[in-house]
Amino acid sequence: MQNIAKLAPAAETLPDTSVPIVEFRNASKSFGAMQVLQDVDLKIRPGEFVCLLGPSGCGKSTLLNLTAGLLQPSKGSAHYRGEKITGINVKTGYMTQNDHLLPWRTVRRNIAVPLELAGWSKADTRRRTDELLKKVGLEAFADSYPSQLSGGMRKRCALARILAYDPETLLLDEPFGALDAQLRLLLQIELRNIVRESGKSVLFVTHDVDEAVALADRCVVFSARPASVRHVINFDLPEDRDLKTLRYNPKYQEECARLWKLLTPELDRQAALGGKS
Amino acid sequence: MIVILARLAILATFLAAWQLLSPAFDLEFFLSTPAQVAVSFWAIASNGSLFYHAGITSFEAISGFLLGGALGMAVGLAFGRYPFLAEVMDPFVTTFYSLPKVALAPLFILWFGIGIDMKVILAASIVFFLVFLNTYTGVRQVSREQLAIMRLMGATERQLVFTVIVPSAISWVFAGLRLSVPYALVGAIVAEIIASNRGLGYLLSGATTQFDTAGTFAAIIAIMILAIVLNFLVKHLEIWLTPWRQSAPDREITV
C-alpha cells in the first residue's frame with residue numbers, strides 16, 4: 001500500500017504514458033469448472049476512459065475485480081502502474097449498480113466514510129463533504145437518509161463518496177444500469193465532466209452500446225463467456241463532446257452501428273450458452 | 001372519531017354483558033364482575049402494592065432484556081465474523097434454541113434461588129436467542145461487495161467491524177427490539193408464577209391460590225398495562241435510535 005502511495009505524486013508531476021495504468025497479461029480466470037476469462041491482454045493508458053462491452057454475464061466484471069485486487073487471475077497476471085496486483089488495490093474506487101450506501105448514515109456521513117477511515121479531522125471532513133455535496137448537487141439532502149432519496153440521488157451520493165477518497169482509477173460496473181434514460185444521461189454528463197476535470201482513468205463495464213460510445217475514448221468488445229478481447233475500438237468523437245446532442249451526431253450513429261455489428265455475433269453465442277447464467 | 005366510538009361501544013357492551021351475565025348464570029366465583037375487578041384493582045393501586053410489584057417485574061424484564069441482549073449481540077457478532085465457529089456450534093445452538101426456555105426455570109431456581117436473579121436469568125435466556133439470531137443475521141447480511149468496497153476505501157479489518165458490521169448488526173437488533181421486550185416480560189412473569197414472593201406474576205398466582213377471581217383479573221390488567229407501557233417505550237426508543245427506518249415512507253414509492 002505504502003509504495004503505491006509514494007508512486008502517486010511522482011506520476012502526477014511526470015505523466016509517464018509509456019507505463020499503462022492497468023495492464024492484463026494473458027489473464028485467465030476460472031471459478032471451479034467455469035472459465036470466465038480467457039487470455040485477456042489489455043493495456044489501459046493513464047487518464048483514459050475505457051468501456052468494457054460484452055454480452056451480459058460474459059465476465060467483464062471479473063476484470064474490474066482483478067484490477068481492484070479482490071480476485072487473483074488463475075493464469076497470467078494483472079498489473080497496476082507496472083506492479084503486479086497481489087492484494088486490495090486502494091488506488092481504485094469501485095461503484096456498482098447497487099450503491100452500497102450505509103442506510104444508518106445520512107448522505108453527508110455516507111460521503112464522509114472514506115475520510116473517517118483515513119482519519120481526517122472533523123473540520124476537514126466537513127469542508128470536503130460540503131464541496132462534494134455541492135459538486136453532485138445534493139446540498140439540500142445532506143441530512144437525509146439514503147432511504148429518503150430517489151435512485152438517481154443515491155447514485156450521486158455514491159459518486160460523491162468515491163470522489164471523497166479520490167482514487168486514481170474508477171472501476172464502474174454498470175453504475176447507471178437501473179436508472180431511467182434521462183437521469184442516466186444527466187449522470188453520464190456529470191461523470192464525464194468530473195473525470196475530464198480530474199484526469200482519472202476509468203474502466204466502465206456496460207452492455208449498453210449507446211452508453212459505451214457516448215462515454216468512452218476507447219471501447220473493448222469482449223466475446224461470449226469465457227471473455228476474451230474481440231475488438232478494441234478507438235472512437236472518433238471529440239473529447240469535449242456534448243452528450244445531450246451527441247445522438248444527432250452522424251459520427252456517433254456510425255460508431256454505434258459499427259459497435260452493434262461487432263457485438264451481435266457475441267450476443268448470439270452467449271445466448272446459446274444460456275444467457276445470464 | 002367513528003372508529004373510537006365503535007371501539008368504546010364494543011368495550012361497553014363487553015363490560016355490561018360481563019357485569020350482567022356473570023351473576024345471572026351464577027358464575028361470579030369463576031368470572032367475577034367488572035365492578036369487583038375494579039374494586040380489587042383500586043385496592044392494590046391505592047395501597048401502592050401494584051406499583052411495587054410492577055416495578056419489580058419491570059426491573060426483571062428490563063435487566064433480563066439488557067443481559068440477554070448484550071450476550072446475544074456479542075455471540076451473534078462472533079459467530080457472524082467467524083463462520084467456522086458458527087458451523088461448529090450450529091447443532092448446539094439449534095438444540096438450545098428449540099428448547100422452551102421455560103423448561104429451564106426449575107433448574108434456575110435450584111441454582112439461583114427464587115430471588116430476582118432467577119427471573120432476570122430466565123428472561124435473559126429467552127431474549128438471548130432472539131437477539132443472537134438477529135445479530136447473526138445482521139452480520140451475515142453485510143454483503144461481501146459492501147465489505148470489498150470499504151476495503152478499497154482503505155478500511156482495515158477493525159474499521160470494517162466498527163463502521164459497517166456492528167452498526168448493521170445493531171440496526172437488526174433494534175428491529176428485533178420490539179419483539180424481544182414482550183418476551184423478556186414473558187420470562188419474568190412465568191418465573192414469578194413458578195416461584196416468587198413479589199412481582200406481578202406473584203400477585204397473579206397469589207390471587208388465584210386464594211380463589212380471588214377479581215384479584216386475578218386485576219393482576220392480569222396490571223400486566224396488560226405494563227406490557228402496553230413497555231411496548232410504547234420500546235416503540236419510541238426504536239424511532240429515536242433508528243431514524244433512518246422511519247424516514248422511508250416520506251418518499252414516493254416505486255414498485
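A cavity is here a set of grid points where a 1.4 Å probe fits but cannot get out, and a volume is the space filled by probe spheres set on such points. By that yardstick, the largest cavity of this predicted model holds about 50 Å³ of space. A search of the whole structure, with a threshold of 30 Å³ or more, turned up one cavity.

The lining of this cavity draws on both chains. From chain A come A:Tyr94, A:Met95, A:Thr96, A:Asn98, A:Asp99, A:His100, A:Ala158, A:Arg161 and A:Ile162, while B:Ile149 and B:Met153 come from chain B. Two elements of chain A, strand 6 (92-95) and helix 6 (151-165), each give two or more residues to this lining. Helix 6 of chain A gives the most, with three residues. Sorted by class, the lining of the largest cavity has six nonpolar, three polar and two charged residues.

It is worth turning next to the contact between the chains. Chain A brings 24 residues to the contact and chain B brings 23. About 2100 Å² is buried between chain A and chain B, and carbon and sulfur atoms give 69% of this area. Three residues stand out on the chain A side: A:His100, A:Trp104 and A:Leu117 supply 34% of the area that chain A buries against chain B, more than any other three residues. A:His100 is also one of the residues lining the largest cavity.

As for specific pairings, zero salt bridges are found across the interface of chain A and chain B, whereas three residue pairs are in polar contact, with both residues at pLDDT 80 or more. On the side of chain A that touches chain B, strand 6, helix 4 (113-117) and helix 6 each give two or more residues. Helix 4 of chain A has the largest share, four residues. That side of chain A divides into 15 nonpolar, six polar and three charged residues.

Finally, there is open space to consider. The largest pocket has a volume of about 800 Å³. It is lined by 27 residues, and the closest to its centre are A:Ser61, A:Asn65, A:Tyr94, A:Asp173 and B:Glu145. A:Tyr94 also appears in the lining of the largest cavity. At least two residues of the pocket lining come from each of strand 2 (34-44) and helix 2 (60-68) of chain A and helix 8 (144-152) of chain B. Helix 8 of chain B gives the most to this lining, with five residues. By class, the lining of the largest pocket comprises nine nonpolar, ten polar and eight charged residues.

Technical notes: Residues are numbered from 1 along each chain as its sequence is written. Chains are lettered from A and ligands numbered from 1 in the order in which they are written. This is a predicted model: local features need pLDDT of at least 70, side-chain atom pairs count only at pLDDT 80 or more; totals for chains, interfaces and linings use all residues. Side-chain values use heavy atoms; hydrogens and water are left out. On a 1 Å grid over the protein atoms alone, a cavity is a set of points where a 1.4 Å probe fits but cannot get out, and a pocket is an open set with protein on both sides within 12 Å along at least five of seven lines; lining residues have an atom within 4 Å of a point. Ala, Val, Leu, Ile, Met, Phe, Trp, Tyr, Cys and Pro count as nonpolar, Asp, Glu, Lys and Arg as charged, and the others, Gly among them, as polar. Contact means heavy atoms within 4.5 Å. Buried area is the accessible area (1.4 Å probe) that two parts lose on being put together, summed over both. A salt bridge is a side-chain nitrogen of Lys or Arg within 4 Å of a carboxyl oxygen of Asp or Glu. A polar contact is a pair of N or O atoms within 3.5 Å; within protein, one must be able to donate a hydrogen and the other to accept it, and residues adjacent in sequence count only if both atoms are side-chain atoms.
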